[in-house]
Amino acid sequence: MNATHDDDLDLTDDHVGLSFADSCPDTVLLLIHGFPLSNRMWDSQLADLSGEARVVAPDLRGSGDSDTVEGPYSMAMLADDCIALLDELGIDEAVVGGHSMGGYVALELFRRHRERVKGLILISTRAGADSDEGRAGRDSAADKARAEGTGPIVSGMREKLLAEATYEEDPELVELLDEIMEAANVTGVVGALAAMRDRVDSTPLLADIDVPTLIIHGADDRVIPASEAEIMAQAIPGATLEIIHGAGHLPNMEQEEMFNELVAAFLEEV
Ligand code: MLT
């Protein structure tokens, strides 16, 4: 992989230094990570898809090696950060893939910067906004994180991120996920929780999505049920839905080979 790392690009209006990984070729694949993760979740895609596309995988503000600033963050802010990165790299257009929270960012990015999106890959995500109960849950998670650190959030996520079989069969992946989540910091987590809490309902946007769209979901996802992927697939004109068996919320890590094959075929088509 021809990856470059730059851990201190000062490129946003409010001077948030964003760290990112980058592979190279013509088609650009922008991969946006989920919560409370970082671009390390895309290691296998950076390694295996670098021949098919230039894979650009930012750490969102407050995550991974990017700068952390006080929140609240918003989906608009996170989407604009990604656009600032593409601008800095001289990239006009990208296939935009987002995992879970990263999918919320990808939909917002489409809404705000349609002309920059060549295709969409919506992974383990949903279009709807939080319910009132869901919003209250974000606030109590944020309060808990402020009082006790990220531990409770990490252990809450840890229990449900992977399919049950993955926990038993892939201890290395469990360990890697722990390592990624333990690097999360309170300010970044609280900022991201606010962005998720306040996100708008993207369901009305789905019918207007006029770029090739691939939806990938793990059959055993316990964070966002596969029925959410089906709803998006029915509403987005021409979208392709792929349900990956033997995977929970992280199909790109739990079934890397199958995931990468699906994405490679989609990139070819786009
Ligand atoms: C994620 O996996 O990014 C989040 O858990 C999604 C969410 O909480 O809505």
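# Questions on a predicted model

User: What radius of gyration does the protein have, and why does that agree with a compact globule?
Analyst: This is a predicted model. A compact globule of 270 residues would have a radius of gyration near 18 Å, so the value for the protein agrees with that rule. Along the principal axes, the C-alpha trace spans about 50 × 40 × 40 Å. The radius of gyration of the protein is 17 Å.

User: How many helices and strands make up the secondary structure?
Analyst: Helix H12, which covers residues 256-269, is one of the helices. Strand E1 (4-10) and strand E2 (17-22) are among the strands. The secondary structure comes to 12 helices and 8 strands.

User: What share of the residues in the protein is buried?
Analyst: A residue counts as buried when its relative accessible area is under 20%. The protein has 270 residues to be sorted in this way. The buried share is 56%.

User: Among contacts between residues at least 6 apart in sequence, what percentage joins residues at least 24 apart?
Analyst: Ala192 and Ser74 illustrate how sequence and space can part: they are 118 residues apart along the chain, and their C-alpha atoms are separated by 7.5 Å. For the protein as a whole, the count takes contacts between residues at least 6 apart in sequence. Those joining residues at least 24 apart come to 75%.

User: How far apart are the mean positions of the positive and negative charges?
Analyst: The protein has 18 positive and 54 negative charges. Each set has a mean position, and the distance between these two positions is 7 Å.

User: Which residues of helix H5 are buried, and why are they on the same side?
Analyst: Helix H5 runs over residues 151-158. The buried residues cover an arc of only 100° around the axis, which puts them on the same side of H5. Their cover includes helices H4, H6, H7 and H8. The buried residues are Ile153, Val154 and Met157.

User: Which residue does the cis peptide bond from Phe35 lead to, and where does that residue lie?
Analyst: Most peptide bonds are trans. The bond from Phe35 has omega near -10° and is cis. The residue it leads to lies in the loop between strand E3 (28-32) and helix H1 (43-48). That residue is Pro36.

User: What is omega for the cis bond from Gly71 to Pro72?
Analyst: Pro72 has its place in the loop between strand E4 (54-58) and helix H2 (75-89). The peptide bond reaching Pro72 from Gly71 is cis. Its omega is near -5°.

User: Is His15 buried or exposed?
Analyst: His15 sits in the loop between E1 and E2. Its phi is near 60°, a positive value in a residue other than glycine. The relative accessible area of His15 is 57%, and the cut-off for exposure is over 50%. His15 is therefore exposed.

User: What is the relative accessibility of Ser124?
Analyst: Ser124 has a positive phi of about 50° although it is not a glycine. Its place is in the loop between strand E6 (117-123) and H4. Ser124 counts as buried because its relative accessibility is 0%.

User: Which residues does Ala192 touch, not counting those up to four places away in sequence?
Analyst: Ala192 is found in helix H8. At 6% relative accessibility, Ala192 counts as buried. The residues it touches are Phe35, Tyr73 and Met101.

User: What separates the C-alpha atoms of Ser63 and Ala192?
Analyst: Ser63 is found in the loop between E4 and H2, and is buried with a relative accessible area of 12%. Not counting residues up to four places away in sequence, Ser63 touches His33 and Leu37. Ser63 and Ala192 are 129 residues apart along the chain, while their C-alpha atoms are separated by 9.0 Å.

User: Which residues are in contact with Asn39, leaving aside neighbours within four places in sequence?
Analyst: Asn39 lies in the loop between E3 and H1. Its relative accessible area is 9%, so Asn39 is buried. The residues in contact with Asn39 are Phe20, Ala21, His33, Ala57, Pro58 and Asp59.

User: Which residues are in contact with Asn260, leaving aside neighbours within four places in sequence?
Analyst: Asn260 lies in helix H12. With a relative accessible area of 6%, Asn260 is buried. Its contacts are Ser44, Gln45, Asp48 and Leu49.

Conventions:
Residues are numbered from 1 along each chain as its sequence is written. This is a predicted model: local features need pLDDT of at least 70, side-chain atom pairs count only at pLDDT 80 or more; totals for chains, interfaces and linings use all residues. Side-chain values use heavy atoms; hydrogens and water are left out. Helices (H or I, at least four residues) and strands (E, at least two) are DSSP runs, numbered from the N terminus. The radius of gyration is taken over C-alpha atoms; the globule rule is 2.2 Å times the number of residues to the power 0.38. Buried means under 20% relative accessible area, exposed over 50%, partly exposed in between (1.4 Å probe, protein chains only). Contact means heavy atoms within 4.5 Å. Lys and Arg count as positive and Asp and Glu as negative; His and the chain ends are not counted. The place of a charge is taken as NZ of Lys, CZ of Arg, CG of Asp or CD of Glu. The arc is that of the directions from the helix axis to the C-beta atoms.
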